[in-house]
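Colleague: I have just opened this one and would like to be walked through it. Could you take my questions as they come?

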Amino acid sequence: MITFCGFEALLADHLNPPFVRSVCQGLREGFWPFANTHLNEWPVTWDNSHRPLKTQAEKDFITAQIHKELEADRYSAPFGPELLPGMYSMPIHAVPKPGTDKYRLVTDHSAGEFALNNVIRCEDIAGVTLDNIQDLGNALWLFHRSNPHEELVIWKADVLEAYHLIPMHPLWQVKQVVSFQGKCYVDH
């Protein structure tokens, strides 16, 4: 097992030391999404979680998903029903997965007057794209055009629930409270 100090030592000769420092700091302290949470006109606490679910199947799915997150220690123990000072709760809902009778849990960080996505300045994340098959295809095409005789080795990693494996900074966690059926859970 490599210790965290050993991990940093392995990356000592990395070509991008600021990137390595930021990743190591994030792993130690939790990651922060470039958010300015000290906006004077924003309330200290905000509960925007009131979005009625449409079906019993959605309620059952969200109940099961919260249980799964608790078992994986990605949610705090329940408390509530009231949020504590500094906490924000955005609406959650279940979205059907195409071609199946299954759902995925969505937290809508863009909903409402005090949406969490609004505390992240567009300039701070300009050019950032989430990986998808189209981005991969474009990157492969560009590589091939620039290096027509180079061999390229790629691999696929299973990143199922990857965002839940990245620890968030505790001061950001309090902005990610999931509220459901009179209980609140901090999403780590």
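Colleague: In S4, which residue is the bridge partner of Ile-92?
Modeller: Keeping in mind that this is a predicted model, the partner of Ile-92 in S4 is Thr-107.

Colleague: And how many bridges join S3 to S4?
Modeller: There are 5 bridges between strand S3, residues 92-96, and strand S4, residues 103-107, and the two strands run antiparallel.

Colleague: Which residue in that hairpin takes a positive phi?
Modeller: That is Gly-99, with a phi near 75°, in a hairpin that has 6 residues between its strands S3 and S4.

Colleague: Switching to rings, how many aromatic pairs does a search of the whole structure find?
Modeller: The search finds 5 aromatic pairs. One of them is formed by Trp-46 and Phe-114, which meet edge-to-face at 4.6 Å centre to centre, with 75° between the planes.

Colleague: What does that pair tie together?
Modeller: Trp-46 lies in strand S1 (residues 46-47) whereas Phe-114 sits in the loop between S4 and helix H4 (133-146), so the pair ties together parts that are 68 residues apart in sequence. Ring pairs also link Trp-46 and Phe-114 with Trp-42 and Tyr-88 into a cluster.

Colleague: Is Phe-114 buried or exposed?
Modeller: Phe-114 is buried, with a relative accessible area of 10%, while Trp-46 is partly exposed at 24%, and the cut-off for buried is under 20%.

Colleague: Now the helix H3, which of its residues are buried?
Modeller: The buried residues in H3 are Glu-58, Phe-61, Ile-62, Gln-65, Ile-66 and Glu-69. Seen down the axis of H3, these buried residues fall within an arc of 135°, so they line one face of the helix.

Colleague: What do they pack against?
Modeller: The buried residues of H3 pack against S3 and S4, the strands of the hairpin we began with, and also against strand S5 (177-180) and strand S6 (183-186).

Colleague: How far apart are the end C-alpha atoms of H3?
Modeller: They are 23 Å apart, which agrees with the 22 Å that the 16 residues of H3 (residues 56-71) should span at 1.5 Å a residue. H3 is followed by Asp-73, and the phi of Asp-73 is positive, near 60°.

Colleague: Last topic, confidence: which element has the lowest mean pLDDT, and which the highest?
Modeller: Among the elements of the protein chain, helix H1 (residues 4-10) has the lowest mean pLDDT, 77, and S6 has the highest, 96. The protein chain averages a pLDDT of 84, and 87% of the residues score at least 70.

Methods:
Residues numbered from 1 in each chain as written. Predicted model: local features only at pLDDT ≥ 70, side-chain atom pairs only at ≥ 80, totals over all residues. Heavy atoms only, no water. Pairing = 2+ DSSP bridges. Helix = DSSP H or I, 4+ residues; strand = E, 2+ residues; numbered from the N terminus. Phe/Tyr/Trp six-rings, centres within 6.5 Å; stacked < 30°, edge-to-face > 60°. Buried < 20%, exposed > 50% of the residue type's maximum accessible area, 1.4 Å probe, protein only. Expected span 1.5 Å × (residues − 1). Arc of directions from axis to C-beta. Contact = heavy atoms within 4.5 Å. pLDDT = per-residue confidence, 0-100.
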